[in-house]
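Subject: Structure handover

Dear colleague,

I am passing on the structure below so that you can look through it at your own pace. My notes on what was found in it follow underneath.

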Amino acid sequence: MKDVSALIQENGAVQDRSIYWDRDIYELEQERIFARSWLFLTHESQIPLAGDFITTRMGEDEVIVSRHTDGSLQAYINSCPHRGNQVCYAEMGNTKSFTCAYHGWAFGTDGKLITVPLEHETYYDNIDKARFGLQQVAQIESYRGLVFATFDPTAPPLMSFLGDMAWYMDAFMDVPGGTELLGPPMKSILDCNWKVPVENFIGDGYHVGWAHAAALDAINRLQGLGGAETNPLMSMQGNAGYNPDGTGIQVSTLGGHGMGIIWETAAALHVNPAYGEWLAYRTETIRAERGEWAAKLYNGHWDASIFPNCSFLYGTNTFKHWQPAGPRSIEVFTWTLVEKEMPEELKQYLAMMNMMTFGTAGMLETDDGENMEGCTGSNRGWMTRQGKVYAGMGQVNEGPHPELPGIVSEGIVAETSYRGFYRAWADMMSGKSWEEMSRGASRRSIKEVA
Amino acid sequence: MSAAIAKINAVNSEPLIEREQLPQELMYSVERHLIREARILDEERIRYWYENFLTEDIMYSMPTPVSRYRREKGKPLPGTNPGSGAYMDNYELLGMRIARLETGLVWMEDPQNAIRRFLTNIDAEYAEDGSGDVIAYCNFMVYRNRRQRDETVTYGHKVDRLRQVDGKWRCSQRTIHMDQRVILDKNVTFFL
């Protein structure tokens with residue numbers, strides 16, 4: 001394997017192409033990133049009642065996430081400790097227990113072994129059932145309804161891991177009544193490396209006008225959303241215009257999270273005025289309680305990724321989990337993120353628009369999927385993957401911001417948060433301890449900044 | 001101690017409702033209509049399809065199937081899962097997808113993909129409401145070949161509600177059921 005410390009260079013701007021292709025690098029990612037990081041599982045709204053469960057993956061490990069009878073959230077590996085068979089094949093439901101189809105061992109919704117068929121006759125009651133529960137995650141926590149878990153008992157608490165990313169996300173997660181994910185999730189396979197969609201969502205304002213030229217044109221013409229003069233998203237179409245300073249920011253926060261935000265455009269892709277009206281209604285409360293920055297963030301359109309493999313677009317309201325399935329394949333889960341207190345018709349409308357734009361046949365999703373596969377597949381060539389790729393845009397106008405946390409660059413078309421992601425990736429791949437990576441530094445209250 | 005096994009009636013035990021059969025000539029016209037529609041789509045005459053094969057009140061959907069245990073069949077899903085789908089389109093949204101394709105700026109479709117639709121097991125019966133509309137069922141196979149070596153085959157079935165408009169069939173409701181929980185192709189950006 002190549003020298004891990006040389007894979008990322010120039011402060012995160014240069015990536016060795018082998019990181020998108022090589023099996024041994026991928027395996028090291030499983031060990032050093034996926035077995036250690038906090039990983040997204042689900043939203044509490046998906047499993048509200050005792051016995052509710054979903055199945056998902058942490059890295060390539062199959063896990064069950066459930067609401068136990070005591071109301072607690074639980075997550076454990078979906079594999080029987082007897083002979084290893086997967087114990088649950090349904091993707092969601094409500095149950096009292098999970099029974100292995102091989103020999104009938106049954107586990108409670110806390111993962112504990114409760115029934116061993118013929119226990120008396122075969123084990124002569126000499127089996128320590130406490131020893132053979134489903135393997136638990138080391139820690140499970142939620143951030144405003146989003147549930148995460150880690151296999152690493154030494155990982156810092158979730159809020160430290162999210163750090164300033166949560167400070168930013170509070171703008172739309174910390175709303176009266178909270179948020180929910182609408183499903184069932186659409187699921188599809190993309191033959192790309194898992195990092196490619198993460199970097200796209202974390203900070204690729206550059207591709208919007210070009211890759212999505214056709215969709216922006218069609219939406220704009222048929223929905224009458226206003227031309228480039230009035231709608232900043234539309235001004236990007238075909239790279240006809242460039243978003244100058246002041247129209248948005250890109251941010252990289254400690255820990256490799258990041259986002260790009262275009263101000264005043266949360267509702268820019270929507271012709272239905274109900275969404276804009278809701279935002280205006282909510283903004284009054286947010287401004288009064290949490291100040292001008294929170295209100296500004298709440299009304300922006302965001303593309304974002306939470307390290308390592310979870311992304312969302314706020315405003316388009318899509319929420320994505322990119323699950324690695326080998327170095328050159330991922331399984332994509334897609335939900336719609338809404339506020340709980342929104343009227344039902346508005347939720348339905350937002351879900352429909354999310355499916356239309358970023359679902360499995362979404363008009364923008366399919367532009368991206370094609371590029372993500374192309375960025376991965378070309379590295380098949382041995383000579384090709386001896387080379388490097390470049391994310392150097394925006395280095396001259398990024399830095400600390402007088403008011404906002406993280407490294408901030410002016411304008412959404414930059415690659416600031418690409419670099420932050422790859423610096424964090426390199427840190428974790430080097431095998432540094434959490435202390436050495438100094439996670440969990442600044443996390444200011446949004447009020448302090450306002 | 002042996003674990004008690006809770007038994008359920010697993011297979012489909014709902015009674016089959018025998019509806020009035022279509023006269024042979026009508027059945028033939030439904031079959032030919034569906035087959036002709038597949039050819040029009042294979043030939044990428046999407047605007048023609050949009051204007052001649054659909055009614056303006058169409059609901060064109062591809063619901064997300066959920067993989068659950070049989071014992072929970074018919075029960076509501078847990079949590080906030082009101083339903084989703086790769087397509088949940090009305091006439092206007094379908095029109096937007098087509099306008100996008102017509103721009104010539106969809107890089108994924110250039111060079112052109114080869115898409116071939118195969119329809120089989122066509123069955124049809126009158127709609128329950130006595131409107132004269134016909135419910136048509138068929139299985140499909142879609143072959144897609146693109147980018148030299150990118151090849152997928154997708155299977156499923158669709159249920160249409162067909163309406164006679166000026167002596168020709170038009171679809172006023174189409175529900176496409178993919179036989180894949182996880183779409184194994186990267187997307188499903190083809191009309192069926």
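**Domains of chain A**

In this predicted model, the centres of domain 1 of chain A and domain 2 of chain A, taken over C-alpha atoms, are separated by 34 Å. Where these two domains touch, domain 1 of chain A contributes seven residues and domain 2 of chain A contributes nine residues. On the side of domain 1 of chain A that touches domain 2 of chain A, one residue is nonpolar, four are polar and two are charged. For orientation along the sequence, domain 1 covers 39-140 of chain A and domain 2 covers 163-449.

**Chain B**

Chain B has three helices and six strands, and read from the N terminus these elements follow the order α-α-β-β-α-β-β-β-β. Its C-alpha atoms fill a box of roughly 65 × 45 × 30 Å along the principal axes, and of the 192 residues in chain B, 24% are buried. If we consider the contacts in chain B between residues at least 6 apart in sequence, 60% of them join residues at least 24 apart.

**Where the chains meet**

The contact between the chains takes 52 residues from chain A and 39 residues from chain B. Several elements of chain A give two or more residues to the side that touches chain B, among them β7 (92-94), α7 (213-223) and α10 (365-377), while β13(A) gives the most, with 10 residues. By class, this side of chain A has 26 nonpolar, 13 polar and 13 charged residues.

With best wishes

Note on methods: Residues numbered from 1 in each chain as written. Chains lettered and ligands numbered in written order. Predicted model: local features only at pLDDT ≥ 70, side-chain atom pairs only at ≥ 80, totals over all residues. Domains from an automatic or database assignment. Nonpolar A, V, L, I, M, F, W, Y, C, P; charged D, E, K, R; others polar. Helix = DSSP H or I, 4+ residues; strand = E, 2+ residues; numbered from the N terminus. Buried ≥ 20, exposed ≤ 12 C-beta atoms within 10 Å, placed from the backbone.
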